[in-house]
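Here is a quick walk through one model, written for someone seeing it fresh. Take a look at the sequence and the structure, then read on.

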Amino acid sequence: MAMRKRVEETLDLMGIADLRRRPLVELSGGQQQRVAIAAVLAAQPRILVLDEPTSALDPTAAQDVLAAIGTLVHDVGLTVVLAEHRLERVMQAADSMLYLPGDGRVVYGPPGEVLAHARITPPLAELARVLHWPEVPLSVREARRRVAGEDLLVTAPVHPAPPSEPVVLSTRDLQVRYGELIAVNHVDLDLVRGTVTSLLGRNGSGKSSMLWALQGALTCSGTIDVAGQDPRLLAAAEARRVVTLVPQTAADLLYLPSVGAECAQADAESGVAPGTTAGLLRTLGIQVPDDRDPRDLSEGQRLALVLAIQLAARPPVLLLDEPTRGLDYSAKGELRAIVRDLAADGRAVLISTHDVEFAAATSRRTLLMADGEIIADGSTAKVLTSSPAYAPQMAKVFAPLPVLTPHEVAEGLP
Ligand SMILES: Nc1ncnc2c1ncn2[C@@H]1O[C@H](COP(=O)(O)OP(=O)(O)O)[C@@H](O)[C@H]1O
Ligand SMILES: [Mg+2]
């Protein structure tokens, strides 16, 4: 009986009570993550060690999980050790911080002090640098108070509307079904050459399903037109030249024993000159020996390798499914630069992400999905700032000013 009660409490705590009869394979990544955390909680541990527990979660779900963890810490007295790249999500809840610079040292101390000297830059740390604050504010609230105290006058940045042509990918009435469930519901979407578009939405809203459908890999109804072709009708080798997807678990695409072998294979599959993929990898800023096992690469390097493979055939449309998962701030910065270069090169890039800070800094246009439908489509500034769940930290600090990034704050200073 006690166990049964505990299970029910845990299901409620993690907000997964309504999923209990669903097979695990049918759950979206975020739903699975919450189930995994609940399974650990059910054993009532004294110390809970979590490795990036929110990296797969949408902002609201992440907040729910962190709130539940907070309850465990405050009311149950549990000790939580939490590894996280996206500090903006967790730093206000931390009592202390361990920073591993990567040279074998462990820096331990109060979060504000550790952050002031660390080479990790959540938006509030960047803001502190921009405004020459000696200490990093740990919460939006603290930052807002300091900004108000300094009578800071920041000029509003200009966010031009995203271009609407030339269109390179176009869907009409796109629908993806899994049995009874409609994952993508009558989507009309136009992607424009030379642009970066973010795709946001709760876990399970249909983002991945839409990306797989656009790539032609899912059975779906409606029309898809990419540069005059329907990717569903193309053989794999041809489809790669039209549209490619870097999936959520990018490493799944890597199966050969060395980086060199993967590159050579991609050259062959894409029908391009030998050395093309390896060259792309270098342009993406990655220098690794040819004989390195892909499994021994860092997350950022592995992502770059998959990107290079997927880009070898020079498709005009590139789809990225949650590419910033597991990336640190510098790797994210590199990915941002890569994506911008691809857009400058004339490609259309569509990025599904829960990382609103990345979306704010990277894309001009943002789509918001809910229940399989696109419920908002417009400039990133407008879409992100019109919903508190998706507002980046700078927008919250400087509201009602539509400032998205510390960079825009710097530009807007007198
Ligand atoms: N292979 C599948 N079989 C059945 N249902 C699925 C499958 N893949 C995803 N779903 C369901 O479809 C919906 C959309 O999932 P998904 O496209 O993964 O969303 P997102 O990427 O936004 O988290 C969710 O309700 C999910 O549970
Ligand atoms: Mg997904």
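## A well-covered strand

Let's start where Leu200 stands opposite Leu368 of strand S12. Keep in mind that this is a predicted model. Leu200 belongs to strand S7, on the side it shares with Val196 and Ser198, while Thr195, Thr197, Leu199 and Gly201 point the other way. In a regular strand, side chains alternate between the two faces of the sheet.

Is S7 mostly covered or uncovered? It's mostly covered: seven of the seven residues in this strand, which spans 195-201, are buried. S7 has parallel partners too. Five bridges tie S7 to S12 (residues 365-370), and five bridges tie S7 to strand S11 (residues 348-352). In that second pairing, Thr197 has Leu350 of S11 as its bridge partner.

## Another parallel pair

Now for strand S1, residues 47-51. Leu48 and Leu50 make up its covered face, whereas Ile47, Val49 and Asp51 are on the uncovered one. S1 runs parallel to strand S2 (residues 79-83), and five bridges join the two. One of the partners to look up is Thr79 in S2, which bridges to Ile47.

How does the chain get from S1 to S2? It passes through helix H3, residues 59-76, and the resulting β-α-β crossover is right-handed.

## Around ligand 1

Which residues are closest to ligand 1? They are Glu26, Gly204, Lys207, Ser208 and Ser209, out of 15 residues that surround the ligand.

Some of these residues put polar atoms beside the ligand's oxygens. Ser209 does it with its side chain, where a polar atom lies 2.6 Å from an oxygen atom of ligand 1. Gly204 uses its backbone, with a polar atom 2.7 Å from a ligand oxygen. Ser208 also uses a polar backbone atom, this one 2.9 Å from an oxygen atom of ligand 1.

## An exposed proline

Pro257 sits in the loop between strand S9 (243-246) and helix H10 (259-270). Why does Pro257 count as exposed? Because its relative accessibility is 59%, and the cut-off for exposed is over 50%.

Pro257 also has a partner from further along the chain: Asp293 is 36 residues away in sequence, yet the two C-alpha atoms are separated by 5.4 Å.

## Rings and charges

How many aromatic pairs turn up here? The count is zero. There is a charge over a ring, though: the charged end of Arg146 sits over Trp133, 5.1 Å from the centre of the ring.

Key. Residues are numbered from 1 along each chain as its sequence is written. Chains are lettered from A and ligands numbered from 1 in the order in which they are written. This is a predicted model: local features need pLDDT of at least 70, side-chain atom pairs count only at pLDDT 80 or more; totals for chains, interfaces and linings use all residues. Side-chain values use heavy atoms; hydrogens and water are left out. Rings of Phe, Tyr and Trp (its six-membered ring) pair if their centres lie within 6.5 Å; planes under 30 degrees apart count as stacked, over 60 as edge-to-face and the rest as tilted. A charge sits over a ring if NZ of Lys or CZ of Arg is within 6 Å of the ring centre and within 35 degrees of the ring normal. Buried means under 20% relative accessible area, exposed over 50%, partly exposed in between (1.4 Å probe, protein chains only). Helices (H or I, at least four residues) and strands (E, at least two) are DSSP runs, numbered from the N terminus. Two strands pair if DSSP finds at least two bridges between them. A crossover is right-handed if, with the strands pointing away from the viewer, the path from the first strand over the helix to the second runs clockwise. A residue is near a molecule or strand if one of its heavy atoms lies within 4 Å of it. A polar contact is a pair of N or O atoms within 3.5 Å; within protein, one must be able to donate a hydrogen and the other to accept it, and residues adjacent in sequence count only if both atoms are side-chain atoms.
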